[in-house]
Amino acid sequence: MDRRSFIRASALGGTAAAATSLAAPAIAASHARTLTFVTTWGRGLAGVHDAAQRVADSINAMSDGSLNVELKAAGELVGAFEVFDAVTSGQADMYHGADYYFVGQHPAYAFFTGVPFGSTAQETMIWYYQDGGKELHDELGEIFGLKSFIAGNTGAQAGGWFNKEINSPEDFQGLKFRMPGLGGQALGKLGASIQNLPGGEVYQALASGAIDGTEWIGPWADEKAGFQEITKTYYTAGFHEPGVALSVAMNRDVFDSLTPGQQKIIEIASLESHQWNLSQFIANNGAALARLQSGGVKVLEFPDVVWDAFAGASREVFEENMSDDIFKRTYDSLQASIKSTSGWLAQSEGVYTKQRARVFS
Ligand code: CA
């Protein structure tokens with residue numbers, strides 16, 4: 001065995017290390033490869049930063065020290081919305097973020113976070129791993145030199161925080177509202193003035209009156225962000241982000257230079273964070289909503305006439321993007337998956353959950 005393959009085997013915890021008196025971790029540490037990991041999240045943003053940190057910690061642990069992921073939160077190396085260019089240019093090795101921040105780079109990136117009236121978290125997972133979503137993510141990545149994986153999920157997001165009640169579509173006229181992605185484009189069609197701010201800047205914008213309202217995530221993350229200190233009108237289910245996935249994207253050259261084992265570690269760490277993060281958000285949301293309500297927050301649902309307007313505006317936004325081939329194929333792929341999946345889920349889980357209260361309520 002030559003020296004190079006000896007080191008590789010040792011770093012991977014192979015038999016070479018076990019057969020020598022040298023401690024494998026000592027060898028690994030001296031040859032650890034550092035990966036600079038930028039994120040779209042301010043350090044400490046509940047849930048979303050946690051998902052990125054979870055990916056970094058898992059890669060570092062699973063690689064037995066052969067990889068050393070250094071997480072740089074938004075603003076520490078580049079700004080939140082600069083992570084895409086930082087990774088494609090090679091300034092950073094990988095990012096964690098919400099891919100719909102990058103609809104300017106390609107509109108189909110919206111699907112890999114979430115689209116209006118789209119998939120729930122479970123349906124997103126099914127589409128991504130069984131019905132062609134992952135392959136479409138790869139196809140987009142080939143354009144930009146990225147290798148992407150979904151790596152976090154917030155579950156269904158809330159409609160958001162408003163400075164007044166929303167009783168008709170006209171109430172959006174002139175409303176300065178923070179909402180990224182295709183959902184924001186749809187609200188724009190209802191006359192809202194849409195701003196796309198990174199999470200770390202939303203509180204200040206709302207507090208200063210630069211925006212009249214915002215969506216962020218859901219009760220737990222929103223409470224942590226402190227929006228209830230500014231406004232007390234909160235809408236639960238939103239139309240815009242029903243099962244939001246977060247993503248890891250690695251510079252393709254960097255990914256290709258990793259060993260097959262290291263590549264698998266990146267993939268599995270991302271998948272594990274997707275599932276762990278979904279459980280984290282959902283487990284915390286119910287208690288957080290109760291705290292918000294006991295603190296004086298009025299929790300409302302949009303009336304049907306507003307949902308009708310959301311749907312009409314969303315269909316317009318989809319239609320406007322259909323001239324792009326990848327966008328159209330991604331839309332069609334997601335539609336087909338939801339149609340198949342939701343039919344079965346309604347007949348199985350849907351029927352069952354109505355009956356479950358007989359024993360577990
Ligand atoms: Ca959101």
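What covers the buried residues of helix 8? Keep in mind that this is a predicted model, and start with the helix itself. The buried residues of helix 8 are Gly181, Leu182, Gly183, Gly184, Ala186 and Leu187. Their cover includes strand 6, strand 7 (193–195), helix 13 and helix 14. Just past the end of the helix you'll meet glycine 191, which has a positive phi, near 100°.

Now flip over to helix 13, one of those covering elements. Helix 13 takes in residues 304–321, and at 1.5 Å a residue its 18 residues should span 26 Å; the end C-alpha atoms are 26 Å apart, so expectation and model agree. Its buried residues are Val306, Ala309, Phe310, Ala311, Ala313, Ser314, Val317, Phe318 and Asn321. A bit of background helps when you read that list: an α-helix has 3.6 residues a turn, so residues three or four places apart point the same way. As for partners, the buried residues of helix 13 pack against helix 8 (181–189) and helix 14 (325–356).

Strand 6 was also part of the cover over helix 8, so let's zoom in there. Phenylalanine 177 sits in this strand, which runs over residues 176–178. With a relative accessible area of 0%, phenylalanine 177 counts as buried, because the cut-off is under 20%. Leaving aside residues up to four places away in sequence, phenylalanine 177 touches Gly159, Trp161, Phe162, Leu187, Ser193, Ile194, Gln195, Gly213, Thr214 and Glu215. Take serine 193 from that set: it is 16 residues from phenylalanine 177 in sequence, and their C-alpha atoms are 6.1 Å apart in space.

Glu215, one of the residues that phenylalanine 177 touches, leads us to the metal site. The calcium ion has protein donors from Gln157 (OE1), Glu215 (OE, twice), Trp216 (O) and Glu241 (OE, twice), at 2.2 to 3.0 Å. Why is the arrangement irregular? The six donor atoms subtend angles of 44 to 163° around the calcium ion, which makes it so. Along the chain, the donors follow the spacing Q-x57-E-W-x24-E. Glutamine 157 and glutamate 215 link distant parts of the chain, being 58 residues apart: glutamine 157 is in the loop between strand 4 (146–153) and strand 5 (158–162), and glutamate 215 is in the loop between strand 8 (213–214) and helix 10 (219–225). Both glutamine 157 and glutamate 215 are buried.

Next, strand 3. In a regular strand the side chains alternate between the two faces of the sheet. Here, Met94 and His96 point one way from strand 3 (residues 94–97), Tyr95 and Gly97 point the other way, and all are buried. Strand 3 runs parallel to strand 1 (residues 33–39), joined by three bridges, and threonine 39 stands opposite histidine 96. With strand 10 (residues 245–251), strand 3 runs antiparallel, and four bridges join the two; methionine 94 has methionine 250 as its bridge partner there.

Finally, a couple of backbone oddities. Most residues other than glycine have a negative phi, and most peptide bonds are trans. Aspartate 64 isn't a glycine, yet has a positive phi of about 50°; look for aspartate 64 in the loop between helix 4 (48–62) and strand 2 (67–72). Phenylalanine 117, also not a glycine, has a positive phi of about 60°, and is found in the loop between strand 3 and helix 6 (121–130). At 40% relative accessibility, phenylalanine 117 counts as partly exposed.

Notes
Residues are numbered from 1 along each chain as its sequence is written. This is a predicted model: local features need pLDDT of at least 70, side-chain atom pairs count only at pLDDT 80 or more; totals for chains, interfaces and linings use all residues. Side-chain values use heavy atoms; hydrogens and water are left out. The expected span of a helix is 1.5 Å times one less than its number of residues. Buried means under 20% relative accessible area, exposed over 50%, partly exposed in between (1.4 Å probe, protein chains only). Contact means heavy atoms within 4.5 Å. Donors are N, O and S atoms within 2.8 Å of the metal (3.2 Å for Na, K and Ca); water is not among the atoms, so sites may look incomplete. Four donors count as tetrahedral if all angles lie between 85 and 135 degrees; four count as square planar and six as octahedral if opposite donors are over 155 degrees apart and all others between 65 and 115; anything else is irregular. Two strands pair if DSSP finds at least two bridges between them.
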